[in-house]
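Open the model in your viewer and keep the selection panel at hand. The stops below go from the ligand outward to the pockets.

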Amino acid sequence: MIEIAPSILSADFTRLGEQIKTVERAGASLLHVDVMDGRFVPNITVGLPVVKALSRATQLPIDAHLMIVEPGRYAEQFVKAGAQMVSIHIEADPHAHRTLSAIRSAGGLAGIALNPATPLSALDEAVKFADYVLVMSVNPGFGGQEFIPASLDKVRRLRKMIDERGLKTRIEIDGGIDSDNIAEVTSAGAEIIVSGSAIFGAPDPAIALRELREATVLWV
Ligand code: DX5
Ligand code: ZN
């Protein structure tokens, strides 16, 4: 099933509750929350208190994308704060098995995120410990960047790796997705589609979300 996960990074933070209701009513499946620490990525965003507040304000499952160093120190706390899905960057964690297990033990779905230049071989052992893999199709840190075309082939190869191993791991893609390329990424094998500026940067986020859905349906 294809799910669209609006990223609140591009939302209007002065009326976040209202913007979330808008995408919830328009058929969003998840809410993607980008957690940045100014160290793993050159930007600082939001953390545990915001996830806690969001979990009270929406019925949508919260998908926390941790772009932080030492994610093992915080991952479990994000599940306790109300995130149903928590992803950590493999580049940031030499103890990914421990962190992914902690997310699962706390009751969350555990994800591994990969930067554009990180090879799929980095997943070789780790993939079986994850519920989903998040393929970054931009360099993490900011919304509104251009999709890196090589990500398509990476998603195809990852799909093949997962299928050949008989795993149930889902593929999420994040960065530069809009109604022009969503069909290509879903055809390549991505199932959870993050989109920030194409939704919240549009004059009407509800219409933008429907356009993304329609652009997907044409191809799948
Ligand atoms: C980037 C974040 C993304 C971002 C996507 O580091 O991980 O989730 O919000 O935004 P767009 O869709 O504008 O590229
Ligand atoms: Zn993200």
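How many nonpolar, polar and charged residues does the shell around ligand 1 have? This is a predicted model, and in it the shell divides into 7 nonpolar, 11 polar and 2 charged residues.

**Stop 1: the ligand and its shell**

Select ligand 1 and show the 20 residues around it. Those that come nearest are Ser7, Gly141, Gly144, Asp174 and Ser197. Next, colour by secondary structure. Strand 2 gives the most to this shell, with 3 residues.

**Stop 2: polar atoms at the ligand**

Select His32 and show its side chain: an N or O atom there is 3.3 Å from an oxygen atom of ligand 1. Move on to Asp34, where a side-chain N or O atom is 2.8 Å from an oxygen atom of the ligand. Then select Gly176 with its backbone displayed. Here a backbone N or O atom lies 2.8 Å from an oxygen atom of ligand 1. Now switch on a surface for the protein: on its own, ligand 1 has 380 Å² of accessible area, and the protein covers 100% of it.

**Stop 3: the largest pocket**

Which pocket does ligand 1 sit in? The ligand sits in the largest pocket. Select strand 2 (31-36), strand 3 (62-67) and strand 8 (192-195), the elements that each give two or more residues to the shell around ligand 1.

Hide the ligand to look at the pocket itself, which holds about 220 Å³ of space. Its lining is made up of 24 residues, and Phe142, Gly143, Gly144, Asp174 and Gly175 are the closest to the centre. Add helix 7 (197-200) to the selection: with strand 2, strand 3 and strand 8, this helix is among the elements that give two or more residues to the lining. Colour the lining by class and you should find 10 nonpolar, 12 polar and 2 charged residues.

**Stop 4: the second largest pocket**

Move to the second largest pocket, with about 150 Å³ of space. To centre the view, select Pro71, Gly72, Arg73, Asp93 and Thr99, which are the closest to the pocket centre of the 14 residues that line it. Then display helix 3 (75-80) and helix 4 (96-105), the elements that give two or more residues to this lining.

Which helix supplies the largest share of the lining here? Helix 4 does, with 3 residues. To finish, colour this lining by class as well: it has 6 nonpolar, 3 polar and 5 charged residues.

Conventions
Residues are numbered from 1 along each chain as its sequence is written. Chains are lettered from A and ligands numbered from 1 in the order in which they are written. This is a predicted model: local features need pLDDT of at least 70, side-chain atom pairs count only at pLDDT 80 or more; totals for chains, interfaces and linings use all residues. Side-chain values use heavy atoms; hydrogens and water are left out. A residue is near a molecule or strand if one of its heavy atoms lies within 4 Å of it. A polar contact is a pair of N or O atoms within 3.5 Å; within protein, one must be able to donate a hydrogen and the other to accept it, and residues adjacent in sequence count only if both atoms are side-chain atoms. Accessible areas come from the Shrake-Rupley method with a 1.4 Å probe; for residues, only the protein chains shown count as cover. On a 1 Å grid over the protein atoms alone, a cavity is a set of points where a 1.4 Å probe fits but cannot get out, and a pocket is an open set with protein on both sides within 12 Å along at least five of seven lines; lining residues have an atom within 4 Å of a point. A molecule sits in a cavity or pocket if more than half of its atoms lie within 2 Å of its grid points. Helices (H or I, at least four residues) and strands (E, at least two) are DSSP runs, numbered from the N terminus. Ala, Val, Leu, Ile, Met, Phe, Trp, Tyr, Cys and Pro count as nonpolar, Asp, Glu, Lys and Arg as charged, and the others, Gly among them, as polar. Grid points are joined across faces, edges and corners, and a volume is the space filled by probe spheres set on the points.
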